[in-house]
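Biologist: I am new to this structure, so please give me a close look at one part. How do the residues that line the largest pocket divide by class?

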Amino acid sequence: MTRHARRVAFTTVVLAACVCAEPLLPARIAAQSGSAATYLTEAELMATLKETAKSAPAMHTAPVKNADHYRINVVQRTTPQGAIAHPDGTEVHHIVDGGGTLVTGGTIIRPTAAGGSGSTGATIDGGVSRHVAKGDVILIPAGTPHWYKDLDGTITYLEVRFDLPR
């Protein structure tokens, strides 16, 4: 096959593909434009944080979107809370304001209260301490203990928690 013949054959195949696919384009555009994206402004999120702070002053959230296999929230902490681990949820924290000391790994130690054990005030024995601040991104694998031990005033972060397929 000559070079010219190959070019003509290639051009014919490309044009045929475009002609055959052209009826699909409006459907694809309609599907994309009909998909429901979630848009929240900073003002909306901060107003929600301010409102939820009335009932939960130590740690309050502004939900972005929560579904069966993921949770997306803006979280604001004003005081350290107890250590926690989510057995089924990997988390990403993107610090958007403030800072503090985050401890990850180790073993969660729950203080015992009179008459039983309590979950408030849980700490971590061992683990790695690291100062985190605005702009930092932290990936916390499922089952990993984590704890914002100390805060530099307050800390606000975007939390994305998702279940990974097993």
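Modeller: Let me start with the classes: Ala, Val, Leu, Ile, Met, Phe, Trp, Tyr, Cys and Pro count as nonpolar, Asp, Glu, Lys and Arg as charged, and the others, including Gly, as polar. On that basis, the lining of the largest pocket has 8 polar, 6 charged and 5 nonpolar residues.

Please keep in mind that this is a predicted model, where local features need pLDDT of at least 70 and side-chain atom pairs count only at pLDDT 80 or more, while totals for chains, interfaces and linings use all residues. Residues are numbered from 1 along each chain as its sequence is written, and side-chain values use heavy atoms, without hydrogens and water.

The largest pocket (an open set of points on a 1 Å grid where a 1.4 Å probe fits, with protein on both sides within 12 Å along at least five of seven lines) has a volume, the space filled by probe spheres set on the points, of about 290 Å³. Of its 19 lining residues (those with an atom within 4 Å of a point), Met59, Arg77, Ile84, His86 and Arg161 are the closest to its centre.

Four strands (DSSP runs of E, at least two residues, numbered from the N terminus) each supply at least two residues of this lining: β1 (59–66), β2 (70–77), β3 (90–104) and β10 (146–162). Two strands pair if DSSP finds at least two bridges between them. β1 and β2 pair in the antiparallel sense over 7 bridges, forming a hairpin with 3 residues between the strands. Within this pair, Ala62 stands opposite Val74. β2 also runs antiparallel to β10, joined by 8 bridges, and Tyr70 has Phe162 of β10 as its bridge partner.

For company, there is the second largest pocket, with a volume of about 160 Å³. Its lining includes Glu42, Leu45, Met46 and Val74. Two or more residues of that lining come from each of β2, β3, β10 and α3 (42–52), where α3 is a helix (a DSSP run of H or I, at least four residues). The largest share, 3 residues, is from α3. By class, the second lining has 6 nonpolar, 2 polar and 2 charged residues.

Finally, the confidence: mean pLDDT (the predictor's confidence in each residue, from 0 to 100) is 81 for the chain, with 72% of residues at 70 or more. Over residues 4–32 pLDDT stays under 50, and the model has 1 contact (heavy atoms within 4.5 Å) for them beyond four places in sequence.
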